[in-house]
Structure formats: structure tokens, C-alpha cells
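Reader: I am a first-year student, and I should be grateful for a close look at a single part of this model. Could you take the side of one chain that touches another, and then follow its elements into the rest of the assembly?

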Amino acid sequence: MKAEQIFKELGLEFEKLKVKGNTLPRYKAEVKPEKLEEAIIKFKSNGFNHFVALSCIDWIKDEKFELVYHLFSYKEKEDVFLSIFLPRKEPKYKTLRHLFPQIETYEREIHEMFGVEFEGNDRLGEFILEDWDDMPPMRKDFDTVAYAKKKYESVPLIDEGGEKE
Amino acid sequence: MVTDWLIHAGLVALYLFLAMVIGLLFMGIARKITARIQNRVGPPIYQNFLDLGKLLAKKTNIKHNWIFDFAPLFGLGGVLLILAYLPMGGYIMLSGQGDLILLLYILAIPALGFALGSGASGNPNAGVGVMRALTLMLSYEMPFLIVILSLMIFYNTASLSVLLQKQMNYLWGIAALPISALAADIALQGMMAEKPFDIPIAPHEIASGPLVEFGGKYLGLLMLYSAGSIVVETSLFVDLFLGGGIVLNPTVYGTLAYFVNYLVWLALIFVVWMIAIFVNAVFPRFRIEQAFKFYWKWPTVIAIAGLVQAYVMSVFLGVVP
Amino acid sequence: MNENPLPSIIPDKEWKKIQRMLSKRSLWMIHFCTGCGAMEMPPVMTSRYDMERFGIIPMATPRQADLLLVTGYVATKTLKRIVRVYEQMQDPKYVIAFGSCPINGGIYWDSYNIIKRLDKYIPVDMYIAGCMPRPEAIMDAFLKLMKDIDEGKANGWMRYRKYYDQYRRNQMRIFKRWDE
Amino acid sequence: MDALTLFGIFVLLPLVGALVSYFGKKYAPIIAVIFTGISGIFLYLWYGNFGSYTIDIGVKLNLTFDITTWFFMLMMNTVIFSSLLFSVSSKLKRAGGFATLMLLGFAGANGVLLARDFLSLYLFWELMSWSIYLLVLRTSGEYARRYLLFGVLSAYLLIMGIGIIYYYTGSFLYADALSGAIPHAIWPWILTFLILGFGIKMAIVPFHVWAPYAYSSEQPFVAFLSGGLSKLGAFGIFMSMYSIAGISLLQSFGTFRGVSLMGYPFALLGAATAFIGTILAIFQDDIRKLLAYSSIGQLGYVMIGLGLGTPLAIGGAMFHAFNHAFFKSLLFLGAGAVIYRTGKYKISEMGGLGYRMPFTFMFVLFAIFALAGIPLTSGFISKWMLYEAAISRKFVIVAPLMLIASVGAYLYSYRILYGVFLGQLKDEDKNVKEAPGPMLAAMFILMVPLVIFSIVPGWILGWINKILVENGIGKLNYTTFSYSSAIGGANMAVFWIAFILLLIFAMLMFMAKKARVVDQYDNYLAGEAPPSVALHAAHNYYKPLRDTWAPLLKHSIDRAYEKFSKFFAGGFYEIKRIYTGNPQDYAAYLGIAFLAFLLVGWWLLW
């Protein structure tokens with residue numbers, strides 16, 4: 001079933017993205033957080049059974065994180081982006097790993113890099129970084145140059161005379 | 001009586017030392033030839049002596065427990081024992097005192113000691129490596145033992161020194177039983193663990209299998225063990241099928257015969273080693289199931305054909321060498 | 001890690017010279033391909049440059065090797081593995097670091113999880129500059145390292161044993177837990 | 001020495017011991033050890049004076065104490081002595097009953113060895129079988145039932161053989177069997193029944209199904225069962241083939257290159273047993289089952305030797321039975337010590353125990369050398385004799401199977417060594433202590449002969465030669481340190497000197513530099529930190545081999561028996577339905593039966 005028809009049945013207004021080059025048709029829709037799961041289930045049962053990616057965008061100016069769930073249908077050859085907005089202070093959302101198993105890995109990464117809490121996903125914790133002690137590094141307000149200087153330049157050179165620098 | 005016993009012991013020690021030197025030289029030649037086949041310059045022939053020197057000169061040596069020491073001790077001691085029981089260049093060292101079946105079982109002493117040592121290293125790679133080595137052993141032993149059986153049946157002896165005598169008087173093994181010689185050479189490839197059968201020491205899959213925890217002097221002595229086992233396996237084939245390199249009859253020509261026979265023996269084991277190296281240079285590595293299925297199919301059929309030929313010739317045609 | 005102390009009674013300079021010559025002529029290399037430098041090794045091993053003619057062959061385990069190649073950027077996670085592999089090697093051991101990333105962080109100079117200078121954590125005997133040096137540079141580095149060994153200058157492993165506590169303190173600044 | 005003292009020491013004494021030790025609750029094994037020690041001392045003293053006697057205990061028993069009996073009793077006595085010494089410290093429940101049954105079995109075994117007439121043979125054979133059944137019952141009824149089924153089958157086969165002989169000769173004496181009353185054509189039947197009857201005790205292939213289950217009971221008993229009692233089978237086959245029938249009678253059935261056509265099929269059966277036993281042993285994960293199948297494989301060798309019948313073959317079979325008695329019970333006791341300390345049976349669950357139990361490891365390692373036939377132990381000489389026998393007579397079917405089976409022995413023996421003793425030590429076994437004193441003493445006793453007879457094979461070859469000469473089979477040529485045959489020979493003294501010298505040389509080369517000990521977790525795992533759980537590669541150890549053998553492993557003899565028994569079970573179930581349980585039906589059956597009798601009687605009379 002076509003993506004437009006599913007959007008109509010769900011009552012979501014959507015927009016067809018204009019992209020240069022002859023790419024497959026892409027639709028983007030903003031969904032309320034509580035209605036997202038039902039939307040994904042509907043899409044999944046109508047041919048959109050390939051979960052491509054879950055990404056997080058840090059809109060620092062209007063204090064919001066945007067979680068984009070990207071689905072694809074092999075039959076219809078169409079891309080669908082369903083996105084929800086979470087407050088930037090304590091971003092919290094429920095896990096959807098029961099719909100697609102790979103969502104768990106994306107959730108672990110977003111938790112470590114952006115600090116979004118996913119209730120129900122028990123494997124959050126340390127994933128890619130090692131012994132990390134600072135704020136989640138992918139947030140726009142994280143100053144990586146200052147951190148690099150603080151952590152790595154401060155390590156003294158080994159010198160026969162003892163500590164230097 | 002004691003004096004000639006001492007001379008005998010001195011000669012045995014000389015032959016063993018020469019065997020070790022030849023083994024290391026052969027490893028160097030093998031690396032050179034493999035490099036040349038791959039259009040590379042390749043290390044100098046004496047490279048393995050340098051490697052051995054470096055390993056023995058290592059400042060720290062790591063060991064895991066007292067069973068770990070079994071590998072170098074039994075490895076080197078065992079391989080020297082096999083060399084002592086193997087006539088080299090017609091010089092019957094101890095093989096007058098022990099026959100082929102004793103030799104077959106002595107072949108297991110260094111292998112078992114090495115397996116114990118690597119098992120005690122506690123590294124799972126080593127355990128998997130030894131499992132592969134034993135499965136490979138079960139696979140290539142099938143044709144090899146049938147070949148040895150056909151030799152014993154045809155020449156009607158189990159003693160290696162008598163076998164050499166008979167080959168000198170009658171016909172070389174390879175002339176009398178060519179089919180068995182072919183099966184033996186295929187089995188030899190697995191016995192020496194040369195590619196395509198270097199499954200136990202596969203560096204890419206199990207980090208060089210049983211050798212994973214050996215370094216320094218342990219690896220040095222194990223290099224001596226592998227050098228010795230090269231000479232053992234090649235000269236076993238030469239003694240069984242190529243008359244042990246005996247060209248001049250020692251009783252007639254005396255010590256001159258021993259020199260000439262030694263050189264002929266050296267040339268023959270070099271030829272056998274070259275066959276193995278050329279096959280090694282061009283083949284990828286088998287999986288252990290493929291190696292097992294391979295050895296229990298065609299080489300076993302060839303070996304059985306050789307056995308039937310030996311059986312028919314010795315029992316029905318009454319050919320007695 | 002209490003290595004047994006340096007063998008105090010080395011009979012004479014001659015013996016040390018021979019020992020250095022032996023370890024120069026048969027450098028067994030373990031290749032820790034951390035970054036994009038791994039692609040430079042095949043040409044060095046194969047027929048065009050052929051490092052085996054100097055006696056350098058790749059080995060599978062640190063126990064058998066005495067030359068560690070760190071070929072590329074070193075993340076904090078990778079540093080923990082590199083230190084463990086380095087400590088499992090047996091003396092005398094040498095380290096060659098490829099590329100500009102181990103020297104000063106290279107293009108990752110501002111990254112939050114790439115260490116900027118490998119020398120602070122494990123003793124490096126030879127750096128090869130270049131954002132992935134070509135095989136000629138690598139062969140040149142091998143020859144220079146062999147000359148250093150011969151002259152006794154490549155004694156990174158002695159420095160590691162002498163200033164072990166400083167090295168360990170630097171390493172602990174990067175990662176907190178060691179046994180994980 | 002007269003009949004009463006002979007019978008008293010070897011049969012009555014153990015029976016009395018059984019009685020006494022029943023009441024010695026906790027100290028029962030110690031009492032039993034004392035009794036077996038006494039009979040061992042007498043066995044040693046009476047080496048010289050052999051003789052045959054008859055004793056009348058209600059029924060006339062003919063007993064003969066000759067070199068063959070002495071040789072087998074030596075095995076039996078040493079094995080039970082060390083098994084009981086082992087059980088002193090293995091805290092068995094109801095130790096009194098255990099010691100009693102063991103001594104009963106021992107008395108039965110001695111009786112079988114001494115007996116020279118079928119009646120006493122059968123009497124003691126039943127006593128021994130029953131004591132085994134009760135001992136296996138101590139562990140599990142199901143295993144005991146399996147053993148009982150085959151024990152009864154072996155008893156029936158023996159009775160068939162004895163019955164035919166008695167029908168013709170009218171007497172039970174072994175010697176009378178050759179009195180010519182038995183027609184020539186009947187002998188193959190008699191021999192087949194007797195050999196198969198005794199073969200079941202040796203777990204020959206078609207009848208080996210009970211062995212893995214019976215060998216899973218308590219370790220001290222299993223050491224005696226597999227080490228000692230399975231030799232009764234070998235003794236029985238030897239007696240029935242070579243002293244009751246005699247070599248000339250066997251040859252009279254036609255010979256195939258010097259080997260009687262009567263014995264050759266049993267040699268083939270033995271070769272099949274050796275091959276199947278070894279292949280099955282490779283894939284077992286439970287250490288007891290692995291040792292059970294390996295025991296079946298090794299006894300296949302003994303069967304080959306007895307089947308071939310040339311002097312070298314029978315000598316090899318005797319020597320292999322002797323070695324098997326010692327190294328197999330040593331292996332079972334070693335496994336028992338490990339099970340006693342860790343309580344685990346599965347090989348993949350253990351690991352690294354060699355560092356905690358060094359002596360047990362050395363004993364098991366030595367037993368493995370003997371099992372694999374490494375020349376450092378006397379295990380090699382017996383295998384060498386069997387090979388020489390097969391190869392010198394150009395047997396091209398038996399010899400390859402034997403050779404491949406011996407290579408297969410390396411595989412499962414390394415599985416035990418690596419899975420149990422090497423690899424990484426698991427946390428729960430961290431503070432496992434070495435086996436207690438009596439266990440180590442027991443294992444040491446079993447190891448000593450394997451070493452002595454490898455350095456000086458002449459002594460034991462002397463005994464075996466005397467056995468062969470006495471039964472008119474031929475002679476072996478050997479000297480104190482070396483042995484030879486038509487086509488080859490070996491000198492063990494030269495071997496030992498060369499081995500020790502070269503080992504010392506390797507030691508000198510090796511000890512030049514000090515090595516730093518590192519714990520098991522400082523291992524190269526591609527730089528990864530060692531995980532909290534110990535890594536052990538012993539799980540499903542020979543998986544590639546099992547995959548290649550999969551098509552063959554599908555058909556298993558055990559399942560064949562199960563299908564066979566299900567077929568009968570269905571039938572018996574039908575019959576069971578007759579017993580409906582209410583009296584009216586039974587009254588009806590009585591009426592029908594009475595009526596039937598009337599009809600038949602009427603028909604017969606008229």
C-alpha cells in the first residue's frame with residue numbers, strides 16, 4: 001500500500017521531500033510521541049518492513065532533540081521519515097526495540113552520544129566510548145577542542161629527569 | 001668394548017648434530033624458494049640460524065606452569081630420539097635395536113609432549129590447534145599406515161635396517177611399489193603440516209595454534225624440533241622407498257661408502273623436501289573437515305591399491321626380495 | 001609487572017654486540033592495524049619491496065614477536081589493547097608508529113577520543129611521518145631501526161622498564177579501569 | 001599344600017572377609033584391604049608349587065593352580081587390592097555392603113580361575129555375576145538391569161556349551177572334553193557358545209551395550225570390574241580355545257596361513273570391536289563413558305590376539321590383558337579421584353585440574369602413555385606383539401584396523417588430558433586439593449608394574465612363555481631386555497638409555513635461561529582483557545571429526561537394541577491385557593482351559 005494512503009488513514013499531514021537527482025520518493029511526517037508506535041506498526045504491516053535508521057538531531061536553538069525513524073518498503077520502493085521532538089533538558093522516550101530488534105543498538109548509541117533516556121532498554125550504559133566522564137559528546141554545546149586539550153595535552157612527557165610540562 | 005661404544009655414541013651425536021643443521025638449512029631454503037616463486041628476493045638461506053640465535057638470546061622468557069616445560073623438553077628430546085632410530089645415509093644407528101613399529105610409536109612422543117605443553121598454556125587457541133593437529137594425524141595416518149603395512153608385507157620384514165639391506169640387494173621400494181610410494185608422498189604432505197595441510201599452525205585463524213604462547217627459548221627449541229622433524233619425515237620416506245641413499249655397499253668400500261651414501265641421502269631428502277615445498281608454495285589451506293575427507297578418500301584408495309599389489313606379489317606370485 | 005632485573009653479568013661487550021646483531025637480522029613483527037596504515041603493509045611484504053629479505057616476517061602472537069607496528073590513529077579503547085599486547089611481548093622489543101596520527105593526533109587533533117602522542121604511553125623507537133607513509137618510507141624506517149638496534153640506540157624497552165611507573169600513570173590518566 | 005588350603009585361601013578367605021567387613025561399617029574397606037592383602041601374599045609365596053586338586057563340598061570341585069591361573073590371579077589380586085585401598089578414602093555410602101560385594105566378586109573370580117570342571121566354573125561364574133549386578137544396583141537400577149540382561153545371556157550361552165559337552169562326554173571335567181566322544185562337527189557350536197558366553201564379559205562389539213552403563217557406577221568398583229573381571233572373559237576364551245579344545249583341534253578345521261579358520265572370525269570380531277570402541281570413545285563427553293568405550297576398544301585387541309592363535313598373538317593378548325588390567329584401572333581410579341574432588345563428570349566442565357592435582361595428573365598421564373602404547377611403558381610391547389603377529393602372517397584386514405584404532409587412541413586420550421587436566425582452571429575448582437593419601441598409594445601400586453615391565457620385559461615374557469609352553473601353543477623368543485619375532489625386534493634397554501640421555505641433553509639446552517611464571521589469565525587473546533569466566537576449548541572437542549563421521553554415527557548399536565526391545569515390548573503388552581484383574585475373567589479362563597483339555601483328551605483317546 002502506498003505511503004500517502006497510509007498517511008491519510010493515520011490522519012497525519014506529510015510532505016513529499018524534493019531531492020535533487022532521481023531518488024526514490026521520500027515522505028516526512030511529524031508525529032506526536034504517544035502516537036508514534038501505532039504509526040510504525042501500521043507502516044510495518046503495510047509493506048514498510050525495512051527499518052533503515054534511527055537518528056537524533058540536536059536543535060540547540062529551540063531547545064529540542066528530534067528523533068527520526070526512517071522506514072523503507074521494498075514493494076513500494078518508498079522512504080518514510082517519522083520524527084518526534086523531545087525537550088532538550090531531560091529527553092525521555094520509551095523503547096521500540098520490540099518492533100525492530102536493531103532499534104536497541106541505535107537507542108544505545110543515542111543514549112551515549114546525546115543522553116536521551118529510553119525506558120525499557122536495559123542495555124544502555126557504556127557502548128562505544130571508554131571510561132567516559134564528561135557530558136554526551138555529540139551535543140552541540142560540547143566543546144571538543146577544549147576537552148582534547150584538557151585530557152591529552154595535560155599528560156606529561158616521559159622524561160628521564162622526571163615530570164615535565 | 002667400551003671404546004667402540006664411545007665411538008658409536010660420538011658418531012651418533014655427530015649425525016644428530018648434522019641432522020639439526022640440515023633441518024635448519026632446509027627451512028631457510030624453503031623460505032628462499034617460496035619467496036622466489038612469489039617473485040620476491042627472500043631471506044638468506046642461513047636466516048633460520050639467525051632466528052634461532054635471536055630466540056635463544058631473548059632476555060625474558062614467559063612460562064605458565066611446570067607442564068608447559070614438557071613441550072620443549074619432550075619436543076627436542078623426542079625428535080633426537082627418532083633421528084637416532086632412523087638410518088641416515090646408510091649408517092644404521094640404533095635402528096638395529098628397534099623396528100619400524102617402535103619407530104611409529106616413538107614418532108608420537110614429541111608430538112604428545114608438544115601437545116601437553118601447548119595445552120598447559122591455557123590459551124583456547126592452543127587447545128583448538130592441538131585438536132586440529134590430532135584430527136589431521138588421524139586422517140593422514142590411514143594411508144600412511146597402509147603403505148607401511150604393504151612395505152612390511154612385500155619385504156617380509158619390520159626392521160628398518162633389514163629393509164635397507166633388502167632394498168640394496170633387490171629393488172628400491174619406489175621401483176617395487178610405486179603406487180604405495182605415491183600414497184606415502186601425499187600422506188607426507190600432511191605429516192609435515194605443509195600447506196595445504198598446515199591447519200594446526202594456521203596463523204590467520206587461530207593465531208598459530210599450539211605455538212600461541214611460546215616465545216623466546218621455548219620457541220627456539222621448538223624450532224629445533226620442527227627442523228628435526230623435517231629431516232625425520234623426509235628421511236623416513238627416503239629410507240622406506242629410496243633405499244636410504246645406499247649406493248655403495250659399506251661392507252665393500254668401508255668409510256668411503258658412508259660419505260658417498262650420506263651425500264646421496266642428502267640429495268634424496270632434498271628432492272623429497274622440494275616436492276613438499278613446491279606444493280606448499282602454491283596451495284591455499286584446507287579446512288580440517290576437507291583434509292579429513294580428502295585423506296580418507298583418494299590417498300586411502302591408492303594406498304589400498306598398493307597394499308593389494310604388495311599382497312598379490314608376495315603371496316601369490318611368491319616374489320621374495 | 002616485575003620483570004626479572006636486567007641480566008647484570010653480561011660477559012662482555014662482544015656478547016651484547018652479537019645479541020644486537022641477531023635481533024637486528026631477525027625482527028619478527030606483530031602488526032596492530034589500528035587505522036588506515038594497514039593498507040601500506042601488503043606492498044611491503046610482497047614482491048616489490050619484500051621486507052622478508054631483511055628477516056622481518058609477520059607473526060601471529062606478541063609472545064613470538066619483537067617488533068610492534070602501530071599503523072594509524074590510536075583511540076582510547078585501542079590504546080588499552082595496544083598496551084596489553086606490548087606488555088605480552090618479550091624483551092628486547094621495539095615499536096614503530098606509522099603516520100602523523102600517533103605523532104600529534106594528525107587530522108584528529110581535536111577529537112575527544114584519539115590520543116595525541118603515542119610516545120607518552122608506550123616507548124616508541126621510530127616514528128614515520130606522513131598521512132600514511134608510502135612503502136618506501138616504511139622500508140627506510142625498518143633499515144633505520146635496524147641501524148639503531150645495531151648501535152644500541154633503540155632501547156625503548158629499557159626505558160619502559162626503567163620508567164614503568166610514569167608510563168603506567170600516563171596510561172591510567174586515559175582510562176580508569178585496567179582489568180576490564 | 002593340599003586342596004583345602006588352596007580353596008581356603010583363595011575362596012573361603014574372601015567369603016569370610018565379606019562377612020566380617022559387612023559389620024565393620026566405616027572400616028569395611030580397610031578390613032577388605034587386609035583380606036585381599038593376605039591372599040596376595042600367599043599368591044606371591046606359592047609361585048612355585050602348582051598342582052591340581054579335587055575338593056568335595058557337597059559337590060566335587062576340581063581346582064588347578066597352574067601358571068595361567070597364577071598369572072590372571074596376579075592381575076585380579078593387585079587390581080582389587082588397589083581398588084579397595086582407593087575406596088578407603090572415597091567415603092562411599094553403605095561402605096560395608098560395598099566391601100562385602102567386592103570380596104564376593106573377588107571370591108567368585110578366584111573360583112572361576114581355579115576351576116577345571118564346568119560345574120564349579122558355572123557356580124563361581126554366577127557368584128561373580130550376581131555380586132557385579134548388586135554392585136551396579138547400588139548406583140542405578142536401570143544400569144543394573146541392562147547388565148543383568150547380558151549377564152543372563154552370557155550364563156545361558158555358557159550352559160548351552162556345557163550342556164552339549166555333558167550330553168556327549170557325560171562328565172564336567174575340562175580334560176574329558178577331548179576324550180573323542182564329541183563328534184567333530186559339534187565342536188564349532190560348542191566353541192561359539194563358550195566364546196560368545198565369555199565374550200559378553202569382555203564387552204565384544206555386538207554385546208558391548210551394557211558396558212558404558214555398568215562402568216558409570218562407583219569408580220573403585222568400576223576399576224575392579226573393567227580392570228580385573230573383564231579379564232575373566234579373556235581367561236575363559238583362552239581356556240575354551242586352547243586348553244579344552246586344544247590347538248590341534250582348532251587347526252583341524254582348516255588353517256589359513258597358520259591360523260585356524262575357527263579362530264579367525266573371532267579375530268575379525270576383535271578388530272571390529274577395537275575400531276568401533278575407539279571411534280565411539282573419541283566423541284564422548286562424560287569421562288566414565290569415554291573410558292568405558294576405550295576399555296571396549298582395548299579388549300578388542302585381546303580378542304584379536306586370542307582369535308589369531310599364533311604363539312606371538314596369544315602372548316600379545318596375554319600381555320595386553322595384563323597391561324589393560326593395570327592402566328585401565330589406573331585411569332578409572334584417576335577419574336574417580338577427580339570426580340571425588342570436583343564432583344563433576346563432564347570433561348567440558350572441568351579444566352586445569354592438572355595444576356591443582358599434580359600427582360593424579362602424572363598417574364593418569366602415565367596410564368595414557370600405556371594406553372596409547374608409547375614405548376616408555378610396557379603398553380607398547382603388548383601392542384608390538386599383536387602387530388607382529390598380524391603382519392608376519394600377512395593379515396591385511398586385521399592389521400590396518402588395529403593400526404588405525406591405536407592412532408584413534410591418541411585422540412581420546414588427549415581429550416581426557418586436555419579437557420580435565422590442562423587448559424584454564426575454573427573458579428569453582430580454585431581450591432581443589434590433591435587426592436587423599438590412600439588414593440595416591442592405590443594409583444602408585446598400579447603404575448609400578450607398567451614401568452618395571454617396560455624396562456625389563458624379560459620377566460613377564462618369561463611367565464607368558466611358560467603359559468604358552470604349558471598349553472602346547474609354542475614359544476616366544478626374548479631376552480631380559482629385548483624381544484624379537486620372525487620379522488623384527490626391539491631392545492628396551494637401548495631405548496631407555498637413548499631416551500634418558502637425549503632428554504638430559506634437551507634439559508641442558510633448556511635450562512640455560514630462567515623463565516618468569518605467568519598466571520593463566522596473562523594469555524594472548526588479541527589484546528582483549530581476559531573474561532571473568534575461564535576459557536576452555538574442551539566443549540564438543542572433536543566437532544569437525546564428528547561432522548565428517550555423522551553419516552556413520554547415525555546407526556548406533558544401542559538404538560538397534562532399543563528398537564528390538566520395543567518390538568517385543570509391544571507383544572508382551574498385548575499378553576498383559578489378559579490379566580484384567582477381576583475374578584470373573586479368571587474363572588472364565590479356567591472354564592475355557594478345562595474345556596480345551598477335555599476336547600484334546602477326548603480326541604487323543606478316540
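Author: A definition is needed at the outset: axes are lines fitted to C-alpha atoms, for helices over the stretch in contact, and angles run from 0 to 180 degrees between N-to-C directions. The model is predicted. In that sense, helix 20 of chain D runs at about 50° to strand 7 of chain D, and this helix lies across strand 6 and strand 7 of chain D.

The sheet beneath this description deserves attention. It is an open sheet of three strands in chain D, with the order 5-6-7 and antiparallel pairing. Its edge strands are strand 5 (477-478) and strand 7 of chain D, each of which pairs on one side only. Strand 6 of chain D, residues 482-484, is joined to strand 7 of chain D by three bridges, and the two run antiparallel. Within this pairing, Tyr483(D) stands opposite Ala490(D) in strand 7. In general, strands of a sheet pair through backbone hydrogen bonds, either parallel or antiparallel.

The part chosen for the close look is the side of chain D that touches chain B. Here 61 residues of chain D are in contact with 64 residues of chain B. Several elements of chain D each supply at least two residues to this side, including strand 7 (489-491) and helix 20 (492-510). The others are helix 14 (353-356), helix 16 (379-392), helix 17 (398-421), strand 8 (516-517) and helix 21 (543-554) of chain D. Thus strand 7 of chain D is an edge strand of the antiparallel sheet and also a contributor to the side that touches chain B. By class, this side of chain D has 44 nonpolar, twelve polar and five charged residues.

Strand 8 of chain D adds a pairing between the two chains. Strand 1 of chain B, residues 62-63, pairs with strand 8 of chain D in the parallel sense over two bridges. The bridge partner of Lys63(B) in strand 8 of chain D is Val517(D).

Chain D also offers an example of two packed helices. Such a pair is described by the angle between the axes and the distance between the axes. The axes of helix 15 (residues 358-372) and helix 18 (residues 437-455) of chain D come within 10 Å and cross at roughly 30°. Helix 15 of chain D is therefore roughly parallel to helix 18 of chain D, since angles under 35 degrees count as roughly parallel. The crossing of these two helices is left-handed. From helix 15, Phe359(D), Phe363(D), Phe366(D) and Ala370(D) meet Leu440(D), Met443(D), Met447(D) and Leu450(D) of helix 18. This contact has eight nonpolar, no polar and no charged residues.

The domain assignment of chain D gives domain 1 (3-499) and domain 2 (567-605). The C-alpha centres of these two domains of chain D lie 49 Å apart.

Chain B, the partner in the contact described above, has two backbone details to note. A cis peptide bond joins Lys195(B) and Pro196(B), with omega about 0°. Pro196(B) is placed in the loop between helix 9 (178-191) and helix 10 (203-206) of chain B. Ser208(B) is not a glycine, yet has a positive phi of about 55°. This serine, Ser208(B), lies in the loop between helix 10 and helix 11 (217-241) of chain B.

Chain C may be set beside this account. Its open sheet has five strands in the order 2-1-3-4-5, and the pairing is parallel, whereas the three-stranded sheet of chain D has antiparallel pairing. The edge strands in chain C are strand 2 (57-58) and strand 5 (126-128), each pairing on one side only. Strand 4 (residues 94-98) of chain C pairs with strand 5 of chain C over three bridges, and Ile96(C) has Met126(C) as its bridge partner in strand 5. Helix 5 (residues 135-151) of chain C lies across strand 4 and strand 5 of chain C, at about 165° to strand 5. A cis peptide bond, with omega about -15°, joins Asp91(C) and Pro92(C); Pro92(C) is in the loop between helix 3 and strand 4 of chain C.

Terms used:
Residues are numbered from 1 along each chain as its sequence is written. Chains are lettered from A and ligands numbered from 1 in the order in which they are written. This is a predicted model: local features need pLDDT of at least 70, side-chain atom pairs count only at pLDDT 80 or more; totals for chains, interfaces and linings use all residues. Two residues are in contact if their C-beta atoms, placed from the backbone, lie within 7 Å. Helices (H or I, at least four residues) and strands (E, at least two) are DSSP runs, numbered from the N terminus. Ala, Val, Leu, Ile, Met, Phe, Trp, Tyr, Cys and Pro count as nonpolar, Asp, Glu, Lys and Arg as charged, and the others, Gly among them, as polar. Two strands pair if DSSP finds at least two bridges between them. Domain bounds come from an automatic or database domain assignment. Angles under 35 degrees count as roughly parallel, over 145 as roughly antiparallel, 65 to 115 as roughly perpendicular and the rest as oblique. A crossing is left-handed if the near helix is turned anticlockwise from the far one by less than a right angle, and right-handed if clockwise.
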